[in-house]
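Student: I would like to go through this model with you, one topic at a time. May I begin with the DNA and move on from there?

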Number of protein chains: 2
Amino acid sequence: MQDILFDFLSKYITLTEEEKNSILSLDIFHSIKKGTILLKEGQRTKESYFVLKGCIRAYYVIDGEEKTTAFYTEMEGLTPPCVISKTPSEYYVSCMEDNILIISNSDMEVAVNGKFPKFETLCRILSEELLAKQRIDFDSFKTSSPEQRYLNLIQNRPDLIQRVPQHQLASYLGIKPQSLSRLRARILEKKS
Amino acid sequence: MQDILFDFLSKYITLTEEEKNSILSLDIFHSIKKGTILLKEGQRTKESYFVLKGCIRAYYVIDGEEKTTAFYTEMEGLTPPCVISKTPSEYYVSCMEDNILIISNSDMEVAVNGKFPKFETLCRILSEELLAKQRIDFDSFKTSSPEQRYLNLIQNRPDLIQRVPQHQLASYLGIKPQSLSRLRARILEKKS
DNA sequence: CTGACTCGTTCACTTAAGTTAAGAAATATT
DNA sequence: AATATTTCTTAACTTAAGTGAACGAGTCAG
């Protein structure tokens, strides 16, 4: 389990045994059951989540309706905006599956960053990379139609279509479940 | 001019005179004429841009059509994804107005980060903050209609509506210029 | 086993965005 | 100043998404 994490980190920085042990001593690995809600609207938290196994979802409740805006799967991490802005959360985070997560909190990160500058470099690189990736996702969302977005999703994250209920996928694509259903039928139609 | 920058930075970290001079010696301030294209599709670059005065725009050319995805105005900065991924750029960046920009390049940043750990902290904090802000923008885009997006824009960046041509605003909102025109007429209709 | 609920799909209808075209208004060019 | 060119708006028509309702399949709880 730790190996998965350290393999991932080794792509960015080289850690000594001491540093690895320092991470492990923080007791950040957690098994979380499907359906668990990690964060609720209005709640204050300092926790970040990193998925080693499973899938978590971020969603808003607007006019009583769930609006899913993000899914995080293996080797993806989420620091809720409310952790950065130090305000109550605007959304929910819940577990789609039984998960193995790394849960860290920002106090902890500040402490570790102070002790090992290498971690600060790691955090900077990860943030910058994530920022660039998210920028591209946003641009692609803006410049394409719902149908094209769905086709892109099939290309880029085919697993999601299997793991996740259609109505959540729909709002992830910025449309209603009925429209996704119709759009899928339309695509099948075209293929034949 | 330098003061604008250091005032901004002072919100995040405290710099010594030595550190300030070290920044100034890099010769990063540039006056750039309206219409200048800072980055073209296919081009490789290591440059980041930070707007002290003016407005720059990022846009794709898809099927011969410009698709504007972002505007950056005073105290906003852009590191093109291609700088992070070290690949040719997928989009263009151009100047909407006569600008005063800070142009830095990533080699320079690596050097400064190595010399002053404080800069690394600054970069990390700015990236994390920007990531959170952009996440919220993306979520809000996904969960709202074109009309609502336009109303949000009036609330959040009223200056843009004045400074920027409608047809560029339209693609920024994910729609066609004609739709924006119609949508504006519809809103006026409702008000009366 | 049964009734309640969720989920995905389909349908008919409404609403809004895309498309194509035309023209007015503002800007830039010569 | 006259002529292009770009920008914005309007209109008619097409296409696709939103809405409300209904239905069957599967899931859950009593």
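Student: Which elements each supply at least two residues of the surface near DNA strand D?

Tutor: This is a predicted model. In it, α9 of chain A, together with α8 (166-172) and α9 of chain B, each supply at least two residues of that surface.

Student: Which of the elements gives the largest share of the surface near DNA strand D?

Tutor: That is α9(A), with four residues.

Student: And which residues come nearest to strand D?

Tutor: Of the 14 residues around DNA strand D, the nearest are A:Ser179, A:Arg186, B:Gln166, B:His167 and B:Ser181.

Student: How do the residues of that surface divide by class?

Tutor: The surface near DNA strand D has three nonpolar, seven polar and four charged residues.

Student: What part of strand D do the protein-facing atoms belong to, sugar and phosphate or bases?

Tutor: Of the atoms of DNA strand D within 4 Å of the protein, 66% are in sugar or phosphate, and the rest are in bases.

Student: Which polar contacts go with that, then?

Tutor: On the phosphate side, an N or O atom in the side chain of B:Ser181 is 2.7 Å from a phosphate oxygen of DNA strand D. A polar side-chain atom of B:Arg184 is 3.3 Å from a phosphate oxygen of DNA strand D. On the base side, the side chain of A:Arg182 has an N or O atom 3.0 Å from a base nitrogen of the strand.

Student: Turning to strand C, which residues come nearest there?

Tutor: There are 14 residues around DNA strand C, and A:Gln166, A:His167, A:Ser181, B:Gln178 and B:Ser179 come nearest. Sugar and phosphate make up 65% of the atoms of DNA strand C that come within 4 Å of the protein.

Student: What do the side chains of A:Arg184, B:Arg186 and B:Gln178 each approach on strand C?

Tutor: The side chain of A:Arg184 places an N or O atom 3.3 Å from a phosphate oxygen of DNA strand C. B:Arg186 has a polar side-chain atom 3.0 Å from a phosphate oxygen of DNA strand C. For B:Gln178, a side-chain N or O atom is 3.4 Å from a base oxygen of DNA strand C. The elements giving two or more residues to the surface near this strand are α8 (166-172) and α9 (177-191) of chain A and α9 (177-191) of chain B.

Student: Which of them has the largest share near strand C?

Tutor: The largest share, four residues, comes from α9(B). By class, the surface near DNA strand C comprises three nonpolar, seven polar and four charged residues.

Student: How are the two protein chains related, then?

Tutor: Chain B superposes on chain A by a rotation of 180° with 0.0 Å of shift along its axis, and the RMSD is 0.0 Å. The two copies are therefore related as by a two-fold rotation axis.

Student: Which residue of chain B comes closest to the rotation axis?

Tutor: B:Arg124 does, with its C-alpha at 2.2 Å. The same surface serves both copies, as 100% of the contact residues of chain B recur in chain A.

Student: New topic: how many disulfides are there over all chains?

Tutor: The count is zero. A:Cys55 is in no disulfide, and the nearest cysteine sulfur, that of A:Cys95, is 9.1 Å away. A:Cys82 is in no disulfide either, with the sulfur of A:Cys95 the nearest at 16 Å.

Student: Are those two cysteines buried or exposed?

Tutor: A:Cys55 counts as buried because its relative accessibility is 0%. A:Cys82 also counts as buried, at 5% relative accessibility.

Note on methods
Residues are numbered from 1 along each chain as its sequence is written. Chains are lettered from A and ligands numbered from 1 in the order in which they are written. This is a predicted model: local features need pLDDT of at least 70, side-chain atom pairs count only at pLDDT 80 or more; totals for chains, interfaces and linings use all residues. Side-chain values use heavy atoms; hydrogens and water are left out. A residue is near a molecule or strand if one of its heavy atoms lies within 4 Å of it. A polar contact is a pair of N or O atoms within 3.5 Å; within protein, one must be able to donate a hydrogen and the other to accept it, and residues adjacent in sequence count only if both atoms are side-chain atoms. Ala, Val, Leu, Ile, Met, Phe, Trp, Tyr, Cys and Pro count as nonpolar, Asp, Glu, Lys and Arg as charged, and the others, Gly among them, as polar. A disulfide is a pair of cysteine sulfur atoms within 2.5 Å. Buried means under 20% relative accessible area, exposed over 50%, partly exposed in between (1.4 Å probe, protein chains only). Copies are superposed by least squares on the C-alpha atoms of residues with pLDDT of at least 70 in both. Contact means heavy atoms within 4.5 Å.
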